[in-house]
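Please read these notes with the structure open beside them. They go point by point, and each term is explained where it is first used.

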There are 4 protein chains.
Amino acid sequence: MINVAVIGAGRIGRVHVGNLVRNRLACLKAICDTQEQAGKRLAREFGTEFSALPDEIIQNKEIDAVYICTPAHTHVDLMEAALAKDKYVFCEKPIDEDFEKAKRFVYANSARAAKIMIGFHRRFDQTHLHLRETIHSRRLGQVEQILINSRDPTMDSYDVLTFTGGIFRDMTLHDIDQALVLLGPATLTGVFARTACLVDPAFAQRGDFDNAVATFWTETGVTCTILNSRRSAFGFEQNIEVFCSNGSASLNTPTEMTFTVRDQKGTHCPAPMGHFLERYHAAYETECQAFLEAIEQGKEFPISALDGLNALRLAEAADRSARLGQPVAIET
Amino acid sequence: MINVAVIGAGRIGRVHVGNLVRNRLACLKAICDTQEQAGKRLAREFGTEFSALPDEIIQNKEIDAVYICTPAHTHVDLMEAALAKDKYVFCEKPIDEDFEKAKRFVYANSARAAKIMIGFHRRFDQTHLHLRETIHSRRLGQVEQILINSRDPTMDSYDVLTFTGGIFRDMTLHDIDQALVLLGPATLTGVFARTACLVDPAFAQRGDFDNAVATFWTETGVTCTILNSRRSAFGFEQNIEVFCSNGSASLNTPTEMTFTVRDQKGTHCPAPMGHFLERYHAAYETECQAFLEAIEQGKEFPISALDGLNALRLAEAADRSARLGQPVAIET
Amino acid sequence: MINVAVIGAGRIGRVHVGNLVRNRLACLKAICDTQEQAGKRLAREFGTEFSALPDEIIQNKEIDAVYICTPAHTHVDLMEAALAKDKYVFCEKPIDEDFEKAKRFVYANSARAAKIMIGFHRRFDQTHLHLRETIHSRRLGQVEQILINSRDPTMDSYDVLTFTGGIFRDMTLHDIDQALVLLGPATLTGVFARTACLVDPAFAQRGDFDNAVATFWTETGVTCTILNSRRSAFGFEQNIEVFCSNGSASLNTPTEMTFTVRDQKGTHCPAPMGHFLERYHAAYETECQAFLEAIEQGKEFPISALDGLNALRLAEAADRSARLGQPVAIET
Amino acid sequence: MINVAVIGAGRIGRVHVGNLVRNRLACLKAICDTQEQAGKRLAREFGTEFSALPDEIIQNKEIDAVYICTPAHTHVDLMEAALAKDKYVFCEKPIDEDFEKAKRFVYANSARAAKIMIGFHRRFDQTHLHLRETIHSRRLGQVEQILINSRDPTMDSYDVLTFTGGIFRDMTLHDIDQALVLLGPATLTGVFARTACLVDPAFAQRGDFDNAVATFWTETGVTCTILNSRRSAFGFEQNIEVFCSNGSASLNTPTEMTFTVRDQKGTHCPAPMGHFLERYHAAYETECQAFLEAIEQGKEFPISALDGLNALRLAEAADRSARLGQPVAIET
């Protein structure tokens, strides 16, 4: 049994708590949040201890692994503390809002990097895995263009969005990670991004954007274009199409039901499936299992801190490009 | 150049006139209809002669081929007259309302049968052809069940429907012909059919039905189920699915446009394409070309009078089954 | 907490055991199977008691409710014993292989009928529920034709199929129940069914069939056509389309993934989702919750013994029609 | 009757010749091509006169209108000559390879501009028209992002491509015109484009590209992203999706047939419909009709020389951006 504590009792913390409680490899020992009310409620709901002090969790020798589900700017400090106590760490993306801080942390901790797994849940989705295998098998030939379209169904509450580090580090980051999975790290060497505030002026007030289009490219001319929006009236959407020399492979958001009404106005099907929590329900479960299994079996984690850093480097560059109005070269 | 006359200036006559005028192998010599007004209008529109007397057409030595597009009960008499004058005949389905009369005609004229082609336009549709090839290639294995669903978008005017010979001889007949194309003639040996009047009491008043379900079967247990309705609020529909031992092949009605709107209520696509005239526009053209080419090149017609009789035999049996409330064996 | 025992440790028993263990309202007290090995294995896996004697379970006063997951011919006897001890009963379909026996049981126990729920899991599937609501709302007008197509991906092992009571009582029964849900009980008054053995002669050897087509009808002319096959090379399939006066509503089997490959040969998508256990995973969970919730809150069960009897009556009539080669009237 | 001559007997000239011959408003008087062989063959095929000298056509007082279907760099000179003789001009896109030359021509001829129609055939496609209406009706709210994906099925022969003016002026130009139709002229004020040669080095040798991604933007933050490739293993594709504040509208390339095979490997559908000539067959017919009808009825042409110039301005800017590696502001 692996004793686990979860730091951060927000939306995503709750997902991990649920999966840990159901997983036979884990024993959930504590939930921690500096906001006592939310933390206590979650702890009570799942019948576990509560602590308001992250340090208390980290000092607790009984605990083998911590989940870090707090705002992005706290990740690096918490990881450092946890690593110092030799704990396994599951850290939500991004590593940090600040790319330089994240870089220093990853490079300084390369010896201990094997103890960190970053949470890119889509990597555990069976359709994303199938896309990856299809592309890597080369049966469709060489990749030429990638098109990724990710849209959020409704604006998330500002309390959540305040701590995201902006649209590129929050939304685009997942799409970038998928591009890197498909193309390989250090392949994308430049980016041009364009942004706008079309949904809500609140984004502009925080120096953030609610619409973004970014095109990344490799040395050899392969491009990856990502469209993002914080508003999708028709529901959550996450699509990828990879155009290759011999064909294309694509994944689309499943609909809630395979149900069709036909009438005088045409054919009508239900909207896509909920938000990302419903869409990636099974992926989060598999991610949890992968983290615990790797610890139990002494295997390498499937997603490293370096993976997190690589994606963040590109998100950072895209953000810079959008603000400069110029293409940005990506250091590799 | 083949000199052609069209007898019958109704809806389907107009389709054939249009195709003949555009075809380089044909010269349209005359349009004939006992209803002078409609016939004259059509003749004027396409710049050809008009005659109110079918016999005048048939006696005309200049004319090589006639299209018979009149009500079903007149087909056999017109064909006999035309064959007596050694003309090529394109006859709309069914051969006749009365199966016995049709049978006597086909058997009595077997020596001259090579001069007759029956109009099953769907046989010239590229998707139907592709289905046929797929099934005959046996790459999906043995046929086990066939499901055909044909629905008319709106009730055709009563003037048209009066002369159809009822739902089985008019609508189901086309579906039966497709089943015979897929399975081979003389394979279906029994039928049970069930009918209803759900759309309009006018059908019942004429002793006809507006809804029908018929299941045909072979000696070896293969079934073919046909659903028909005179009402389809969502538009014209003609679908076939053939379930085989190693898979299934299906054809569906194309939509008018590949256009999609997505909003809060879901995904919306346009209705299917028009009525059968729009859906089978190209098939009617190819049918015309096939008729003329066979004459010009002295080849066999792709659809014989016997094909027409085979389908009518099954339609007749289905009608009998529906009226008796009992399964009916099909003579072969 | 409701103390539950599961009698029958086969494929479906395992599904219910899993759901009961995860449900907070239930406490799984015992698993019972006359086949000791299978029963003990399941009991060990889920950490519960094992009994080889159904009677032991039924005599156990601690147990509030029993799940009957044994072969169909044992259902009535087990239900009678359980009712005699005043237990709640969840009984898998069909009530019994023998319609007359099932009828006597249901009529004799009408006073205690409220303690029985029959397992028609599809009723708890969200897409089936949505179809039901859509049709009952009348927004598509009157129902005219129903088309149901259910195909099993591979032949189940003979050990399972021996006890099913044949294709109509095993497969078609679920489709019939859906038709009754859509149309209302006692609406279908006649049936004609046609069967074949095309997949494996083993079915014929047991007096069973592996292919079936049945058309049911109401007094007013509405039809319900059901296609079944024990073989579906392309995977599990369960589709319903309801044709109404103002449109149609349909449900289809979801595919395993929303993934598409396009190449020179066309567009390729994955096969449908697994077998019924994968497809109806969530429905089985909801069914379990519905059973337990009704007990806890003293509410009526959503599916009664009479529902089970109504569906069995129609399956019985379809089987009779197939064997007689004649339509069969259904007593109501 | 409008007397028409077609200058340029290549692939697209042949399309227009076919439509003119079938159109009742036109009388095709002559076909002209400096390459005698091709020109004579086409003239013979359609039974019309041939001339090897464009000037002969233009001097011919009998001719009311000319179709200019020659290489792009000859368009302006031919239009000037034709306008000088007061003829109506249908000119294929682009107005010219050289934007500055095109601009001088359009501005210098503003008084006679009403006699010119530019050939953007997609504007006459019913699905594109439906998209336009849907967006302009505002029922989906404000446009936020446009995504256009156009891919050619096979490399066109170099003889054709030599004269196109490059991927942006040849392929992207159509997509740009659609964006302008949806957004309005003079809305797009900047562009960043990225190109590559991934398909064939022959493109690079001519200073051209075979892959391109361009993002255009408006002052208010709306973006239009266009993906192009000269290679599409799965066939011709032209898709547009318009993301709006209340939903999205999209058009896709129709498949050749609505045909599906299902087997153990999944679901398989045919490839998209041919190349642009098959896909836009009806649009070219409607375009021809629109040109002739406007002349006959003295109405304004639906597409002006200024429309052609507006699209070319953006294509030119995209090309410049790709070559500079920098975003480019678009003069308006």
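1. Begin with helix α4 (residues 75–84) of chain B, which lies across β1, β4, β5 and β6 of chain B and runs at about 170° to β5(B). Helices (H or I, at least four residues) and strands (E, at least two) are DSSP runs, numbered from the N terminus. Axes are lines fitted to C-alpha atoms, for helices over the stretch in contact, and angles run from 0 to 180 degrees between N-to-C directions. Two residues are in contact if their C-beta atoms, placed from the backbone, lie within 7 Å.

2. On the source: this is a predicted model, in which local features need pLDDT of at least 70 and side-chain atom pairs count only at pLDDT 80 or more, while totals for chains, interfaces and linings use all residues. Residues are numbered from 1 along each chain as its sequence is written, and chains are lettered from A and ligands numbered from 1 in the order in which they are written.

3. The strands under that helix belong to an open sheet of six strands in chain B, with the order β3-β2-β1-β4-β5-β6 and parallel pairing. Two strands pair if DSSP finds at least two bridges between them. At the edges are β3 (49–51) and β6 (116–119) of chain B, each pairing on one side only. Neighbouring strands are turned by 25° against each other on average, direction ignored.

4. Within this sheet, β1 (residues 2–7) and β4 (residues 65–68) of chain B run parallel and are joined by four bridges. A5(B) stands opposite V66(B) in β4(B). Helix α1 (residues 11–22) of chain B also lies across β1 and β4, together with β2 (26–32) and β5 (88–92) of chain B, and runs at about 155° to β2(B).

5. Which domains does the assignment give for chain A? They are domain 1 (2–121 + 283–303) and domain 2 (123–274 + 311–329), with bounds that come from an automatic or database domain assignment. Their C-alpha centres lie 26 Å apart. The contact takes 19 residues from domain 1 of chain A and 14 residues from domain 2 of chain A. On the domain 1 side, α5 (99–108) and α11 (281–297) of chain A each give two or more residues, and α11(A) gives the most, with four residues.

6. Between chains A and B, 11 residues of chain A are in contact with 11 residues of chain B. On the chain A side, β14(A) provides the largest share, four residues. By class, this side has five nonpolar, four polar and two charged residues. Here Ala, Val, Leu, Ile, Met, Phe, Trp, Tyr, Cys and Pro count as nonpolar, Asp, Glu, Lys and Arg as charged, and the others, Gly among them, as polar.

7. β14(A) pairs with β14 (residues 266–269) of chain B in the antiparallel sense, over three bridges. The bridge partner of H268(A) in β14(B) is H268(B).

8. How are the two chains related? A turn of 180° and a shift of 0.0 Å along the axis lay chain A on chain B with an RMSD of 0.0 Å; that is the relation of a two-fold axis. Copies are superposed by least squares on the C-alpha atoms of residues with pLDDT of at least 70 in both. In chain A, the C-alpha nearest the axis belongs to H268(A), 2.3 Å from it.
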